[in-house]
Amino acid sequence: MDDSKLTFLQNVLRYTASHSEETSTEEKLEREMSPERKKWLSEALDSMSINPLDEIKKCIKVAENEQDNDDRRIEAMETLRDWCEDINFAIDFHKINEYKLISNLLNDKNSEIRALTCELIGTLAQNNPYCQETLINAKFLPILFYKLDKDCDTVKVKTLFAISCLIRDYEPGQQKLLEGNSLDILVKTLNCPLEKIKIKCCFLISSICSNTAIKSALTKRKLICSLIDIYQKENHDIHEHILSAINVLIDDNPEAISQAKELENINFKQLLTDRLQNIAGDSRHDEERDMASRMKQSLFEN
């Protein structure tokens, strides 16, 4: 049962319960006809009349019309995204449109619409194996990595969300990362100035390193060197996220550990020592401090 009908039934039950008291017919009629109750019942009845598929089709029609006002198109995309948070409606969207809307709007001239399109992909794919499979088969993953490499920062943020949802707990999607230059683009994106993008990259790296083949491929690309280089810089507040990604990459990975120890221009042991001194006694960095301390002991003191 969809949410709109469930809400309607709940409203009807409340309305019925409110009329279960022993009162005269005249009193009931007067109460039933009060403006407040009349409006309330009308809204309850209206909620049942909403057809989600019709609403989705309306959103598609407005969003795909490039001649329409951008504000209306953006509102339509936001509404469509909200509908597709329901797994069943997400599947219905594919059956209705076969992702034609997504293909078109990923290249829209309006960056907000492009970003919303990437967000829609993530919403469709999140915890939804059917949409993960159909989106992967429709070859959206390499397109998303192209957007991650070439588009503006606003779109990149939503692109990382979409990529993460497409491949999370989905082995066929993760295997696609080993094709083409997807991992190269991911490593390159770590150098983006926007901290939000760096953080999302770290979360994605931590997630995909559960796949041993991907972890090995990232190690061969010397990702550990890029992460440690970013970690040593003082002009950001994302040290914990960077260190967490380092921790995942070196876990049970002798090659990455060797790379971390043998950096030409960075003394990682000294870097950890200095960082621990800098954040000593600062409760905001408790997790980073614990992680850095364990890492230093594991790599250099055992």
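Buried here means under 20% relative accessible area, exposed means over 50%, and partly exposed is in between (1.4 Å probe, protein chains only). This is a predicted model, so local features need pLDDT of at least 70 and side-chain atom pairs count only at pLDDT 80 or more, while totals for chains, interfaces and linings use all residues. Residues are numbered from 1 along each chain as its sequence is written, and side-chain values use heavy atoms, with hydrogens and water left out.

**Whole chain**

Start with the cartoon view. You get 20 helices and zero strands; these are DSSP runs numbered from the N terminus, with H or I of at least four residues for a helix and E of at least two for a strand. Of the 302 residues in the chain, 44% are buried. Now take contacts, meaning heavy atoms within 4.5 Å: among those between residues at least 6 apart in sequence, 67% join residues at least 24 apart.

**Helix H10**

Select residues 140–150, which is helix H10; Phe140, Leu141, Leu144, Phe145, Lys147, Leu148 and Asp149 are buried there. Next show what they pack against: helix H7 (100–105), helix H8 (111–125), H9, helix H11 (153–167), helix H12 (171–176) and helix H13 (182–189).

**Phe140 and its rings**

Stay on Phe140 and add Tyr99. The two form an edge-to-face aromatic pair, 6.0 Å centre to centre with 80° between the planes. (Rings of Phe, Tyr and Trp, the last by its six-membered ring, pair if their centres lie within 6.5 Å; planes under 30 degrees apart are stacked, over 60 edge-to-face, the rest tilted.) Tyr99 sits in the loop between helix H6 (87–97) and H7, and Phe140 in helix H10, so the pair ties together parts that are 41 residues apart in sequence. Both residues are buried. Add Phe93 as well, since ring pairs link Phe93, Tyr99 and Phe140 into a cluster.

**The core around Leu135**

Which residues have the most contacts inside the largest nonpolar core? They are Leu80, Phe93, Ile102, Leu124, Leu135 and Ile246, in a core of 85 residues. Such a core is a set of buried Ala, Val, Leu, Ile, Met, Phe, Trp, Tyr and Cys residues joined through side-chain atoms within 4.5 Å. Pick Leu135: leaving aside neighbours within four places in sequence, its contacts are Tyr99, Ile102, Ile121, Leu124, Ala125, Phe140 and Leu166.

**Gln132**

Is Gln132, in helix H9 (residues 129–137), buried or exposed? Gln132 is buried, at 4% relative accessible area. Draw two distances from its side chain: 3.1 Å to the backbone oxygen of Arg168, and 3.3 Å from a polar atom to the backbone oxygen of Leu166.

**Two cysteines**

Jump to Cys118 and Cys152. Why is there no bond from Cys118? Its closest cysteine sulfur, in Cys152, is 9.5 Å away, too far for a bond. The structure holds zero disulfides, a disulfide being a pair of cysteine sulfur atoms within 2.5 Å. Cys118 is buried at 0% relative accessible area, whereas Cys152 is partly exposed at 29%.

**Last stop: Glu255**

Finish at Glu255 in helix H18 (residues 254–261). At 42% relative accessibility, Glu255 is partly exposed. Select Lys220 too: 35 residues apart along the chain, the two have C-alpha atoms separated by 8.6 Å.

How values were computed
A polar contact is a pair of N or O atoms within 3.5 Å; within protein, one must be able to donate a hydrogen and the other to accept it, and residues adjacent in sequence count only if both atoms are side-chain atoms.
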